[in-house]
Amino acid sequence: MDTLLKLRPLTTADIDCASQICLAAFNQSVAHTVSTDGIATFFKIASPDAFQARMHKDTFMLVAEREDIVIGVAELREGHHISMLFVRPDQQQQGIGRALLHGLLNHVRSNTVTVSASLTSVPAYEKYGFKVIGEISETAGLIYQPMSLSVDIKEHN
């Protein structure tokens, strides 16, 4: 792993940057695959206010930074569901997403980790070991593939 890459919990000071990373990565890789309703839904989910609200729920959020610059963000909901995993577009394909995923796995509370993967991210999740577990679905304009990963929580916690 990149020795300059650091993972740490997201703080309130990171919220604006985390939101910007999610929106930039979504715009580059996902927006063209969903309707305007899906884009609007994602913008609400990734807004600074939404991040702030989720910080007070059963959610663990992690950032990746290099030289004190946040370059990735990940979110684990209820100890088993990955609800965000985004890397700044100019920093992708460098193992940052994998590092964030491994960081989240240290906080799972279930032997099964799930994700509602955007269709463009399915190959990446498959490389991480996730398996397709159902049909492609759509909610509020967002199209996703349900996937899961079996983990040994004793190994990660």
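**Figure 1. Burial and overall build of the predicted model.** Buried residues account for 46% of the 157 residues in this protein, a predicted model. The secondary structure comes to six helices and eight strands. Read from the N terminus, the order of elements is β-α-α-α-β-β-β-α-β-α-β-β-β-α. The C-alpha atoms fill a box of roughly 40 × 30 × 30 Å along the principal axes. The radius of gyration is 15 Å, which agrees with the value near 15 Å for a compact globule of 157 residues. Among contacts with a separation of 6 or more, 63% join residues 24 or more positions apart.

**Figure 2. Helix H1 and its packing partners.** Helix H1 covers residues 15–29. Its 15 residues, at 1.5 Å a residue, should span 21 Å. The C-alpha atoms at its ends are 21 Å apart, so the helix agrees with the expected span. The buried residues of H1 are Ile15, Ala18, Ser19, Ile21, Cys22, Leu23, Ala25 and Phe26. These buried residues pack against two helices, H2 (36–45) and H3 (48–54). They also pack against strands S3 (69–77), S4 (81–87) and S8 (142–150).

**Figure 3. Close-up of Ser19 in H1.** Ser19 sits in helix H1. Its relative accessible area is 3%, under the 20% limit, so Ser19 is buried. Beyond residues up to four places away in sequence, Ser19 touches Ala46, Ser47, Pro48 and Phe51. Of these, Pro48 and Phe51 fall within the range of H3 (48–54).

**Figure 4. Close-up of Phe26 in H1.** Phe26 is also a residue of helix H1. It counts as buried because its relative accessibility is 2%, under the 20% cut-off. With neighbours within four places in sequence set aside, Phe26 is in contact with Ala31, Val34, Gly38, Ile39, Phe42, Phe43, Phe86 and Leu142. Gly38, Ile39, Phe42 and Phe43 fall within the range of H2 (36–45). Phe86 falls in the range of S4 (81–87), and Leu142 in that of S8 (142–150). Phe26 and Ala46 are 20 residues apart along the chain, and their C-alpha atoms are separated by 9.7 Å.

**Figure 5. The largest pocket and its lining.** The largest pocket holds about 1200 Å³ of space. Its lining is made by 40 residues. Leu85, Phe86, Ser118, Ser121 and Tyr125 lie nearest the centre of the pocket. Elements giving two or more residues to the lining are H1, H2, S3, S4, helix H4 (96–105), strand S5 (112–118), helix H5 (122–127) and S8. S4 gives the most, with seven residues. By residue class, the lining divides into 21 nonpolar, 14 polar and five charged. Phe86, one of the residues nearest the centre, is also a contact of Phe26.

**Figure 6. Helix H4, a mostly covered element.** Eight of the ten residues of H4 are buried. They are Ile96, Gly97, Ala99, Leu100, Leu101, Gly103, Leu104 and Leu105. H4 is also among the elements that give two or more residues to the lining of the largest pocket.

**Figure 7. Asn111 in the loop between H4 and S5.** Asn111 is placed in the loop that joins H4 to S5. Its relative accessibility is 42%, which lies between the 20% and 50% limits, so Asn111 counts as partly exposed. Outside its neighbours within four places in sequence, Asn111 is in contact with Leu149, Ser150, Val151, Asp152 and Ile153. Leu149 and Ser150 fall within the range of S8 (142–150). Asn111 and Val122 are eleven residues apart along the chain, with 20 Å between their C-alpha atoms.

**Figure 8. Two loop residues with positive phi.** Asp68 is not a glycine, yet has a positive phi of about 65°. Asp68 lies in the loop between strand S2 (59–66) and S3. At a relative accessible area of 66%, over the 50% limit, Asp68 is exposed. Glu78 is likewise not a glycine and has a positive phi of about 55°. Glu78 is placed in the loop between S3 and S4. Its relative accessibility is 45%, so Glu78 counts as partly exposed.

Technical notes. Residues numbered from 1 in each chain as written. Predicted model: local features only at pLDDT ≥ 70, side-chain atom pairs only at ≥ 80, totals over all residues. Heavy atoms only, no water. Helix = DSSP H or I, 4+ residues; strand = E, 2+ residues; numbered from the N terminus. Expected span 1.5 Å × (residues − 1). Buried < 20%, exposed > 50% of the residue type's maximum accessible area, 1.4 Å probe, protein only. Contact = heavy atoms within 4.5 Å. 1 Å grid on protein atoms, 1.4 Å probe; cavity = no way out; pocket = protein on both sides within 12 Å on 5 of 7 lines; lining within 4 Å. Points joined across faces, edges and corners; volume = space filled by probe spheres on them. Nonpolar A, V, L, I, M, F, W, Y, C, P; charged D, E, K, R; others polar. Rg over C-alpha atoms; globule rule 2.2 N^0.38 Å.
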